[in-house]
2 protein chains.
Amino acid sequence: MPSKQPKMKDVAALAGVSIKTVSRVLNNEPHVQHALRTRVQEAVASLGYVPSKSARSLRGSRSYSINMLCHSDLSNYVNAIQFGAVIACQQRGYQLTISLMDTVEGKSAAQIKDELQALTAHSIPDGVILVAPFADDPHVIQAFEELSIHVARIGPSLEPEGHIHIGINERKAAFEVTSHLVELGHKRIGFVRGLENQSVTEQRFQGYKAALLENGLQTNPDYVCKGEFDFRSGARAAEKLLELDPPLTAIFASNDDMAAGVMMVANRRGVKVPENLSIVGFDDSEIAENMWPTLTTVRQPLQQFGEVAALKLIETVGKPTPQMVPPTILKHKMIIRESTAMLHTSGSD
Amino acid sequence: MPSKQPKMKDVAALAGVSIKTVSRVLNNEPHVQHALRTRVQEAVASLGYVPSKSARSLRGSRSYSINMLCHSDLSNYVNAIQFGAVIACQQRGYQLTISLMDTVEGKSAAQIKDELQALTAHSIPDGVILVAPFADDPHVIQAFEELSIHVARIGPSLEPEGHIHIGINERKAAFEVTSHLVELGHKRIGFVRGLENQSVTEQRFQGYKAALLENGLQTNPDYVCKGEFDFRSGARAAEKLLELDPPLTAIFASNDDMAAGVMMVANRRGVKVPENLSIVGFDDSEIAENMWPTLTTVRQPLQQFGEVAALKLIETVGKPTPQMVPPTILKHKMIIRESTAMLHTSGSD
DNA sequence: ACAATATTTGACACCGTTGTCAAAATCATA
DNA sequence: TATGATTTTGACAACGGTGTCAAATATTGT
C-alpha cells in the first residue's frame with residue numbers, strides 16, 4: 001500500500017506551522033525564524049515531500065523547466081550538451097524538456113516567432129538552451145526576446161550581448177591546433193570548413209589563417225574546402241584535397257566527423273596517416289578515439305556547456321530582461337593523439 | 001506590444017459560451033452541439049489559444065508529459081529513439097522530458113524505487129519510456145508499477161507482458177544476417193556479444209546459433225567473444241578473434257560500434273575487408289555508412305520505436321493498470337553494404 | 001399537450017501552490 | 001512602561017483549468 005504523495009498541508013501540520021511558512025522555507029525566503037525553518041525542513045525530509053511543479057508554476061512565476069531547442073540532425077555534439085543540461089537541471093529540481101524545430105531557412109521572422117510560441121505556449125520554460133544551428137540565428141534569438149523567454153546561446157562570441165552565451169575561444173583553439181601542425185614542420189596544410197550558417201565555421205577558419213600568417217605561410221585558397229560537419233562532406237573534401245600537387249602534408253578538418261571522413265579517404269587511397277598526412281579534427285567527440293589512428297583534436301567541454309547554460313538560466317529566473325552580459329568562455333584543450341606527426345623532411349620542402 | 005496569452009475565459013467570451021463548454025471541446029468530450037463545437041474551435045484558432053499545461057495537470061489527472069529515462073552513456077541508439085519520441089509528443093501537444101539515472105547495479109529494489117520517485121515526484125509523467133539498460137531491469141519496471149506510472153519498454157520480447165513494449169524480432173534478425181554470411185559461403189563465423197545485462201545480447205546470440213545449426217554448422221565457443229557494445233570492446237574482441245587458426249572468414253559483431261572496432265583492427269592488421277574477412281554489425285546506426293568499407297548490418301527502426309512508445313503511452317493515459325499486452329514488433333531490415341562478400345574458395349575449405 | 005426521459009449547458013468548488021496583506025509578536029526608543 | 005518601528009506569521013484569494021452536479025433544453029411516448 002503505497003503512502004500518498006504528501007502535500008504542503010501535511011508538512012505544515014507535522015511542523016505545526018502554517019502552509020505559507022512551509023512555502024517560505026521551501027523557497028528560501030527570508031522572514032522565517034531559524035528554529036521554525038529547521039523544524040519545517042525536518043518535516044519535509046521525514047515525509048519525503050516534494051512540491052508539485054504544476055501548482056507552483058500555475059500560481060508562481062516560474063515553471064521549473066528548461067527547454068532545449070534541437071534541430072532534427074542528431075549529433076553527439078548536441079547529445080553531450082544535453083547530457084550536461086539534464087545533470088544541472090536535475091540537481092536543481094528542474095526538468096529538462098526537449099523541443100524540435102525544423103530548419104529556419106526561408107522562414108520569416110514572424111513565422112519563426114509563431115512556431116516558437118506554439119511550441120512553448122502550454123508550458124513556458126524558465127529558459128531555453130540554444131545550440132547549433134539555432135544558436136546563431138538572429139530571428140530565433142529575437143523571437144524569444146519578444147516572448148520574454150530567457151535564452152542561453154551556445155556558440156562563439158567574445159563580445160557582451162543581451163543574453164547568456166557560452167563557448168570556447170574558437171579562433172584561439174583553431175590557432176593552436178594549426179600552430180601545432182606548423183611546429184611539426186607542415187607547410188601545406190589543408191582546411192575543411194563547416195556549415196556556413198554556423199559562426200564557428202568562420203571563427204575556426206580565422207584561427208587557421210592567423211596561425212599560418214603568424215608563421216609566414218600563405219593561405220592558399222586551393223587548400224580550403226567547404227564541408228557540412230558530417231563524415232561524408234569530410235570524405236568529399238579529402239577527395240579533392242588529396243589530388244593537389246604538390247601534395248598536402250596535413251589537413252585540419254573543422255570537426256571530428258569530417259576528420260574521420262578525411263581519414264577514411266586517406267586510408268583507402270593508401271596515404272599513410274600520420275607518416276604522409278597529418279590530420280586534426282575539432283570537438284574531441286567519441287569518434288576521435290574510435291578511429292585508427294586516433295585523432296588529434298581540440299576538446300570542447302560540451303557537457304560543461306550544457307551544465308553552465310542550464311545553471312545560468314536557472315539563476316536568472318525572475319530577473320528582468322538580461323542586460324548586456326559578457327560571454328562565459330570555457331577552457332578548451334588540444335588533445336594530441338596518433339594522427340599527427342613530425343613531417344618527414346623528405347627532400348627540400 | 002505582444003498580446004497577452006489568451007485564457008480559456010477569453011475563448012469562452014468570444015464564442016459566447018461557458019468556460020466549461022470550451023473545456024469540453026478542447027478535450028473532445030461528448031455532449032457538445034456541433035454548432036457550438038465549431039464556434040469554439042474557431043475562437044480558439046483566432047485567438048491562438050493554447051491551454052496551460054500546469055493548470056490542466058494540477059486539476060486533471062494527466063500531466064501532458066512523457067519522460068524518457070536515460071543512462072549516462074550517450075549513444076546514438078538512445079538519441080534516435082529520443083528523436084522519435086519528441087516528434088510524437090510534439091504532435092500530440094505533449095512534452096518530452098529527460099531524466100538521468102546512474103546504473104542500477106548493486107542497488108536494492110527499495111532504493112531504486114525511492115530514486116525514481118524522487119525523480120518524478122514534482123511532475124508525475126503520464127508515462128515513462130525505458131531504454132537500455134533500464135528496459136531490461138525488473139526492479140525499475142516494478143518500481144514504476146508500484147508508483148502506478150505507465151511504462152513503455154523498448155527491448156526484445158515476444159511474450160505478452162504487463163506493460164507496453166516495443167522491439168524487433170532480434171533473434172530472427174540475427175538469424176537472417178548470420179544466414180546471409182552462410183549463404184556467402186562462410187563457415188568459420190565469429191560472434192561478438194554485447195553487454196550481458198541487456199537481453200538483446202542473448203537474443204542475437206541465439207539467432208546466430210540457430211542459423212549455424214540450421215545449416216549444419218557447429219557453434220565453436222572459441223569463435224565467441226564478450227563485448228560491451230562499444231568500439232573499444234569490438235576492437236579487443238577482434239584482436240582475439242583474428243588470432244585464430246584456421247582464421248575466421250567472417251565476424252558478426254552484435255552492434256555497429258563493435259563492428260567498427262573489428263573493422264579498424266582488421267584494417268590495421270592488413271586483413272582485407274571483405275576479401276579476407278566479412279563483417280556484419282547490428283543497428284544501422286550512422287557509423288555504419290561512415291566507415292570504409294561500409295557496413296552490412298540490420299536496420300532497426302529506432303526512431304519509430306520512440307514514436308510508437310510515446311504514442312502508446314499517450315493513448316493509455318487514464319486507462320487502468322495495463323493488462324497483459326502483446327509486444328509491438330516492428331520490421332527490421334538487413335542492409336547489405338560493402339563489408340560482406342562471397343567467400344574466396346581458396347583451396348578446400 | 002403533458003409527463004418522462006435523454007441530452008446539452010453552465011455554476012461552482014477544487015487541485016496545490018504562491019502573492020498580498022493584515023495581524024501578531026518582537027524589538028527599539030523615549 | 002507606553003509607543004512606534006520592525007520583523008515574523010498566517011488567513012485568504014488567486015492562478016487556469018477540470019470534475020461534479022444541478023438546471024435548462026430537446027426528445028420521446030402516450
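These legends walk through several close-up views of a predicted model with two protein chains and two DNA strands.

**View 1. The two protein copies, A and B, are related by a rotation.** Let us start with the pair as a whole: turning chain A by 180 degrees, with 0.0 Å of shift along the axis, superposes it on chain B with an RMSD of 0.0 Å. The two copies are thus related as by a two-fold rotation axis. As for the contact between them, 100% of the interface residues of chain A are also interface residues in chain B, so the copies meet through the same surface.

**View 2. DNA strand C is surrounded by residues of both chains.** Here 25 residues surround the strand, and the closest are A:Lys7, A:Lys20 and A:Ser23 from chain A, with B:Thr21 and B:Arg24 from chain B. Sugar and phosphate make up 62% of the strand C atoms that come within 4 Å of the protein. Four helices each supply at least two residues of this surface: helix 2 (19–26) and helix 4 (53–59) of chain A, and helix 2 (19–26) and helix 4 (53–59) of chain B. Sorted by class, the residues of the surface near strand C are nine nonpolar, eight polar and eight charged.

**View 3. Phosphate oxygens of DNA strand C, seen with A:Ser23, A:Asn27 and B:Gln33.** Zoom in on A:Ser23 and you will find an N or O atom of its side chain 2.5 Å from a phosphate oxygen of strand C. A:Asn27 also uses its side chain, with a polar atom 2.9 Å from a phosphate oxygen of strand C. For B:Gln33, it is a backbone N or O atom that lies 2.8 Å from a phosphate oxygen of strand C.

**View 4. DNA strand D also has residues of both chains around it.** Of the 26 residues that surround this strand, the closest are A:Thr21, A:Arg24, A:Arg59, B:Lys7 and B:Ser23. Sugar or phosphate accounts for 57% of the strand D atoms within 4 Å of the protein, and bases for the rest. By class, the surface near strand D consists of ten nonpolar, eight polar and eight charged residues.

**View 5. Bases and a phosphate of DNA strand D, seen with residues of chain B.** Two side chains reach base atoms here: an N or O atom of B:Lys20 is 2.8 Å from a base nitrogen of strand D, and an N or O atom of B:Arg59 is 2.8 Å from a base oxygen. A polar backbone atom of B:Met8, in turn, is 3.1 Å from a phosphate oxygen of strand D. The elements that give two or more residues to the surface near strand D are helix 2 and helix 4 of chain A together with helix 2 and helix 4 of chain B. Helix 4 of chain B gives the most, with four residues.

**View 6. The largest cavity is lined by residues of both chains.** The structure holds seven cavities of 30 Å³ or more, and the largest contains about 290 Å³ of space. Its lining has 18 residues, of which A:Asn290, A:Met291, A:Trp292, B:Asn290 and B:Met291 are the closest to the centre. Helix 11 (256–269) of chain A and helix 11 (256–269) of chain B are the elements that give two or more residues to this lining. You will find no charged residues in the lining of the largest cavity, which has 14 nonpolar and four polar ones.

**View 7. Two cis peptide bonds lie in chain A, at A:Pro133 and A:Pro246.** A:Ala132 and A:Pro133 are joined by a cis peptide bond with omega of about 0 degrees. A:Pro133 sits in the loop between strand 3 (127–130) and helix 7 (138–146) of chain A. The cis bond between A:Asp245 and A:Pro246 has omega of about 5 degrees. The loop that holds A:Pro246 runs between helix 10 (231–241) and strand 8 (250–253) of chain A.

**View 8. A:Asn28 has a positive phi.** This residue is not a glycine, yet its phi is near 55 degrees. A:Asn28 lies in the loop between helix 2 and helix 3 (34–47) of chain A.

Notes:
Residues numbered from 1 in each chain as written. Chains lettered and ligands numbered in written order. Predicted model: local features only at pLDDT ≥ 70, side-chain atom pairs only at ≥ 80, totals over all residues. Heavy atoms only, no water. Near = heavy atom within 4 Å. Polar contact = N/O pair within 3.5 Å; in protein donor to acceptor, adjacent residues only side chain to side chain. Nonpolar A, V, L, I, M, F, W, Y, C, P; charged D, E, K, R; others polar. 1 Å grid on protein atoms, 1.4 Å probe; cavity = no way out; pocket = protein on both sides within 12 Å on 5 of 7 lines; lining within 4 Å. Points joined across faces, edges and corners; volume = space filled by probe spheres on them. Least-squares fit on C-alpha atoms with pLDDT ≥ 70 in both. Contact = heavy atoms within 4.5 Å.
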